[in-house]
Amino acid sequence: MKITEKMKFEFPPTLAVALRMQANQKTRGKLLAGGTDLMVQWASGVTPPNRIISIWGLPELNLIEISRSEVLIGAGVTHARMARSPELKRHLPALTAAAATVGATQIQTRGTLGGNAANASPAGDTAPALLVTGGWAVLASLAGVREVPLTEFWTGYRQIAARPDEIILAFRLPKKNKARERFRKIGARQAQAISKVMCASRMLMDDGRIVSAAIAVGSVAPTPIRLSAVEEYLAGKKLTNPVIAKAEALARAVEPISDIRSTADYRRWATGRLVRDALEALKTKSRST
Amino acid sequence: MSNVQRTWTINGKQTKLRFPPGRRLLDILRDDLGLTGSKESCGEGECGACTVLVNKEPVVSCILPAGQLVNGTDILTIEGIEKKRIGRVIQQAFLECGAVQCGFCIPGMVVAAYALLIKNPKPSVRAIREALAGNLCRCTGYTKIIQAVKLAATRMPQRK
């Protein structure tokens, strides 16, 4: 008998029932969406929890709402659905590009945006793309709904700001509007590779000058992070070669670790190159994602 | 743990099952139903050998807790696909192109190719490579597999 067969599963039919279960310590369980991270962890020896609350398929978590300035994406929306959505691609191209690099088709069919965020791996592909939007995670509990800025959502290695009684409902993300976004991921191969480094950016240009820059990277710190020093340096600057070189050098100040996928040195170097790449892409006329 | 009961359509046939909700879909297919075409290789969702279609979308059945599949779920395995015309077209193309060596990854490859061709009967090489990116093969180097899917695409029935 496989280890996951010993776990007790609950299948709450609605979000309200799931929230009631999570509100009480006796009925609370580990939330499970598509299982593309958790099932693998349990199969490879991480002790599984006794009790699982399956939130896969909960209709309240599966909405995509596009308003004038923002997009609300339910936590249960799959990577496949995001990657296929022309509307999301128009307003949040870094996010849809990131969703299309999670695992491969089979993983994208089951993996969810909320799951990727809650798993809180520093290598979670969608996190940098979420971070550059300046948006919020919408958390629900019986006590009500609250919003946490994504810059405060990942609080430590594999830790998030949600309380044990809370369920991630959605992500509220400002559209890029006139800004340009880009997402690049470096891994051992293009598919099914956990990233060595990835970088998302959202930059607003006006008349050759950077009005505002949001740059986020993953796999170089205990959490996904914004490169605030680089962003502040770039604000108001013209895109000249010395400016790009300085931004690349500032980006290399990250403090990654060496692990099975890459070395700290390579990650520092690659972080700089990804920032350079994002800036050089701004000079071209082609649509960047 | 206490079992759940589910009724799915598996390869076109209504099938009623009882199982622990955390049981992997792959174990139900192989051990409970004897559908051993789906293979287990990595067991952690990396290699695609266990790929089946759930509601026409490819999933890796080795990391799917089957209790999450509600009543009425449509499951198609390689055993169902090989009875379909498009499935036979793909298999024939794999034979003609020499796309099979040891064969262990092939059921998953055929399922992934089928999932692509039913949605996109005239895929670009890039679309083929993307559709098969989640399926690992240690023998062929992929070139002949991609050729086979291209060949199958030229023989797709006209209607969608």
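The radius of gyration of chain B is 16 Å, which agrees with the value near 15 Å that a compact globule of 160 residues would have. The model from which this value was computed is a predicted one. Along its principal axes, the C-alpha trace of chain B spans about 50 × 35 × 25 Å, and buried residues make up 49% of the 160 residues in the chain. Among the contacts in chain B that join residues at least 6 apart in sequence, 58% link residues that are at least 24 apart.

Chain B contains six helices and five strands, and from the N terminus on its elements follow the order β-β-α-β-β-β-α-α-α-α-α.

**The two domains of chain B**

Chain B is divided into domain 1, covering residues 4-77, and domain 2, covering residues 82-154. The C-alpha centres of these two domains of chain B lie 21 Å apart. Where the domains meet, 12 residues of domain 1 of chain B are in contact with 10 residues of domain 2 of chain B. Strand β3 of chain B, residues 51-54, provides the largest share of the domain 1 side of this contact, namely three residues. Sorted by class, that side of domain 1 of chain B consists of six nonpolar, five polar and one charged residues.

**The contact with chain A**

Chain B also touches chain A, with 26 residues of chain B in contact with 28 residues of chain A. On the chain B side, the largest share, four residues, comes from strand β4 of chain B, which covers residues 57-60. By class, the chain B side of this contact holds 12 nonpolar, eight polar and six charged residues.

**The hairpin at the start of chain B**

Strand β1 of chain B, residues 4-10, pairs with β2(B) in the antiparallel sense over seven bridges, and one of the bridge partners can be named, since V4(B) in this pairing is matched with F19(B) in β2(B). The strands β1(B) and β2(B) form a hairpin with two residues between them, and N11(B), which sits in the turn, has a positive phi of about 50°. Strand β2 of chain B, residues 13-19, lies largely in the open, because the number of buried residues among its seven is zero.

**Two residues with positive phi**

Two further residues, one in each chain, have a positive phi although they are not glycine, and the table sets out their values.

| Residue | Phi | C-beta neighbours inside 10 Å |
|---|---|---|
| S219(A) | near 70° | 30 |
| N55(B) | near 50° | 13 |

S219(A) is placed in the loop between β13 (209-218) and β14 (225-226) of chain A. With 30 C-beta neighbours inside 10 Å, S219(A) counts as buried, because 20 or more such neighbours are enough for a residue to be classed in this way. N55(B), in turn, lies in the loop between β3 and β4 of chain B. With 13 C-beta neighbours inside 10 Å, N55(B) counts as partly exposed. The strands on either side of the loop that holds N55(B) have both appeared above: β3 of chain B gives the largest share of the domain 1 side that touches domain 2 of chain B, and β4 of chain B gives the largest share of the chain B side that touches chain A.

How values were computed
Residues numbered from 1 in each chain as written. Chains lettered and ligands numbered in written order. Predicted model: local features only at pLDDT ≥ 70, side-chain atom pairs only at ≥ 80, totals over all residues. Domains from an automatic or database assignment. Contact = placed C-beta atoms within 7 Å. Nonpolar A, V, L, I, M, F, W, Y, C, P; charged D, E, K, R; others polar. Buried ≥ 20, exposed ≤ 12 C-beta atoms within 10 Å, placed from the backbone. Pairing = 2+ DSSP bridges. Rg over C-alpha atoms; globule rule 2.2 N^0.38 Å.
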